[in-house]
Amino acid sequence: MIGPDIAGIAEKLGAAADTATAIPQLAAETGLDVDAAYAVQTALLQRRLDRGERLVGLKMGLTSKAKMAQVGVDEVIWGRLTDAMRVPDGGTVDVADFIHPRAEPEVAFLLDRLPDPGEPVGSFTRAVRAVAPAIELIDSRYANFTFSLPDVIADNTSAAAFVVGPWSPVPDGLDNLGVLLEIDGRVAQVGSTAAILGDPRRALDEGLRLAGRHGVRLRKGWVFLAGAATAAVPLRPGAHVRAVVEKLGAASLRASS
């Protein structure tokens, strides 16, 4: 039995991202399952690396019930971050570069060391050097921001861009810090870091475990986005977006008009 055309699907998704053009869902038509979807994600990453981008971290997706409900899927997933996706704190993005971008507040970890061989997953959370408020821009390449689980995995979990605010030591009570997402100075979403799998550090455990299934080991110096603390908000031209995390501070970006 012939499996899905991994390279062909990756090329379609990559071209959709490059041209900011939505495409129909692919999984049902191509027979894509979760394992094959991660293979597409790897091919999509290689496409970026071949044009000079560098892998700088991982991101989690669907780590909150709000996000699962918003997109209609029910399993935690992970994707890759490259240097070309990173926007300086306070920087500007061009909405025209995306299809239907949405912003969400997150917690970012800076990894301090590699896991030791055979190290229990739970102990790796102690390898975090620092933590920061962050914003992730997600932008599904599928029409109407609608997809199945294999579709979104293949699409690198809708990764588009990210902003990391100031780094600081990991504070006490990281499992229940207040989170705000502000648009043009007005509160658009209110949440808590508890929405991220009950504790953002659990997202790191999950990321290590799930990525390891596909031969990916987290590296020293990588950024790790733990997942959204609230539902995502559409990014409009000219908008100023600010994510505020209690005890951590804020990260911001502006959308060009």
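The largest cavity in this predicted model is lined by 17 residues, and those nearest its centre are Ala-17, Leu-44, Arg-48, Arg-141 and Asn-156. Its volume comes out at about 150 Å³. Helix α3 turns up here, giving the most to the lining, and it also gives the most to the largest nonpolar core.

**Cavities**
- The count comes to 2 cavities of 30 Å³ or more.
- Three elements give two or more residues to the lining of the largest cavity: α1 (6-19), α3 and β2.
- Of these, α3 gives the most, with 5 residues.

**Nonpolar cores**
- The largest nonpolar core has 52 residues, and the members that touch the most others are Leu-13, Leu-32, Leu-58, Trp-78, Phe-109, Leu-218 and Phe-224.
- Helix α3, spanning residues 34-50, is the top contributor to this core with 6 residues.
- There's also a second, separate core of 20 residues, with Val-87, Ala-243, Ala-251 and Ala-255 among them.
- If you want one residue to click on, try Phe-224: setting aside neighbours within four places in sequence, its contacts are Leu-58, Met-60, Val-107, Ala-108, Phe-109, Ala-203, Leu-204, Gly-207 and Leu-218.

**Strand β1 and its partners**
- Strand β1 (residues 55-61) is mostly covered, with 7 of its 7 residues buried.
- On the antiparallel side of the story, β1 pairs with strand β2 (residues 77-82) over 6 bridges, and Leu-55 has Thr-82 in β2 as its bridge partner.
- β1 also runs parallel to strand β9 (residues 223-228), joined to it by 3 bridges.
- In that pairing, Leu-58 sits opposite Phe-224 in β9; Leu-58 and Phe-224 are also both among the residues touching the most other members of the largest core.

**The five-stranded open sheet**
- An open sheet is built from 5 strands in the order β3-β12-β11-β7-β8, with mixed pairing.
- The edges belong to β3 (91-93) and β8 (186-192); each has a single partner strand, so one side of each has no neighbour in the sheet.
- Ignoring direction, neighbouring strands of this sheet are turned by 20° against each other on average.
- At the β3 edge, the pairing with strand β12 (residues 249-255) is parallel and covers 3 bridges.
- Thr-92 stands opposite Arg-254 in β12.
- For background, strands of a sheet pair through backbone hydrogen bonds, in either a parallel or an antiparallel sense.

Terms used
Residues are numbered from 1 along each chain as its sequence is written. This is a predicted model: local features need pLDDT of at least 70, side-chain atom pairs count only at pLDDT 80 or more; totals for chains, interfaces and linings use all residues. Side-chain values use heavy atoms; hydrogens and water are left out. A nonpolar core is a set of buried Ala, Val, Leu, Ile, Met, Phe, Trp, Tyr and Cys residues joined through side-chain atoms within 4.5 Å. Buried means under 20% relative accessible area, exposed over 50%, partly exposed in between (1.4 Å probe, protein chains only). Helices (H or I, at least four residues) and strands (E, at least two) are DSSP runs, numbered from the N terminus. Contact means heavy atoms within 4.5 Å. Two strands pair if DSSP finds at least two bridges between them. Axes are lines fitted to C-alpha atoms, for helices over the stretch in contact, and angles run from 0 to 180 degrees between N-to-C directions. On a 1 Å grid over the protein atoms alone, a cavity is a set of points where a 1.4 Å probe fits but cannot get out, and a pocket is an open set with protein on both sides within 12 Å along at least five of seven lines; lining residues have an atom within 4 Å of a point. Grid points are joined across faces, edges and corners, and a volume is the space filled by probe spheres set on the points.
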